[in-house]
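Visitor: Could you take me through one part of this model up close? I'd like to hear about the charged side chains and how they sit in the fold.

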Amino acid sequence: MTDSDGFFIRDDRDPEHVSYIMDLQIADPPGSIRKDTFGKDIVPPQPLTFDRVSEGRLPVSDSRLLHLPTEILALVVEAIPQHSLASFALVNSDCRQLARSRQFASVLLDYGHHSWQLIQQLGREVKERVFHSTHGRTKKPAIGPCIRRITVATSPGWLHKYHGMVLEGLPEAERTTRLTAA
């Protein structure tokens, strides 16, 4: 089953499934710091504010929360625990966009099923922006404006699943040759 945007899959047998899919898209939750291969801190990008991720649309909700100044609203959304963002997104379309601003601030494309779903959704958004008379905007709030960073890191496990390729234990030159040929 899909929601009205046709992207987030909700399995009625497993209510946690919505959160599971959205959590997979997160490369670096805001506020977390890790090191790259050179020992440099990798700081995830801060989510964009509501006015940016809504692409200038006014809030459709009359909620007082959405009439707070953008900077204060950003602090409120930042205080929502990561595991509660999926529930917050179900309140209304404005809250969904606020949740997305955190969930998709940093995206990891690993060649997995969820990465392909995200790429297909972004493709549908581009198609709507370019080929429909929406003046460069989508009819409904979109995921694309929420993304601040995309990391492409192909997982050897997904390569093995889709193409039968095994890369573990291969010399670097052979590994590069096989990846280039795929």
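**A charged corner, up close**

Guide: Let's start with D94: setting aside neighbours within four places in sequence, D94 is in contact with F50, P59, V60, S61 and L66. Keep in mind that this is a predicted model. D94 itself belongs to helix α5, which covers residues 93-103.

What is the nearest side chain of opposite charge to D94? That would be R57, but R57 is 8.1 Å away, and D94, though buried, has no salt bridge. The cut-off for a salt bridge is 4 Å between a side-chain nitrogen of Lys or Arg and a carboxyl oxygen of Asp or Glu. As a general point, side chains of opposite charge can pair when their charged atoms come close.

R57 does have a partner elsewhere, namely E55, with a salt bridge at 3.6 Å, N to O. R57 counts as buried because its relative accessible area is 17%, and buried means under 20%. E55 lands on the other side of that cut-off: at 21% relative accessibility, E55 is partly exposed.

E55 also forms a salt bridge with R129, where the closest N and O atoms are 2.7 Å apart. E55 sits in the loop between α2 (50-53) and α3 (70-79), while R129 is in helix α6 (residues 113-131), so this pair ties together parts that are 74 residues apart in sequence. Put the pairs together and you get a network of salt bridges linking E55, R57 and R129. The structure as a whole holds 2 salt bridges.

Now zoom out for the setting. The protein has 8 helices and 4 strands, and along the sequence they run α-β-β-α-α-α-α-β-α-β-α-α. Of its 182 residues, 34% count as buried. Take the contacts between residues at least 6 apart in sequence: 58% of them join residues at least 24 apart. About 11,000 Å² of the protein is exposed, with carbon and sulfur atoms supplying 58% of that area.

Back at D94, the next residue along, C95, is buried too, at 5% relative accessibility. C146 is another buried cysteine, with a relative accessible area of 0%. As for disulfides, the structure holds 0.

One last charged residue to look at is R175, in helix α8 (residues 172-181). With 28% relative accessibility, R175 counts as partly exposed. Its C-alpha atom is 9.8 Å from that of M165, and R175 and M165 are 10 residues apart along the chain.

Definitions and conventions:
Residues numbered from 1 in each chain as written. Predicted model: local features only at pLDDT ≥ 70, side-chain atom pairs only at ≥ 80, totals over all residues. Heavy atoms only, no water. Disulfide = S-S within 2.5 Å. Buried < 20%, exposed > 50% of the residue type's maximum accessible area, 1.4 Å probe, protein only. Helix = DSSP H or I, 4+ residues; strand = E, 2+ residues; numbered from the N terminus. Contact = heavy atoms within 4.5 Å. Areas by Shrake-Rupley, 256 points an atom, 1.4 Å probe, with all protein chains shown as cover. Lys, Arg positive; Asp, Glu negative; His and termini not counted.
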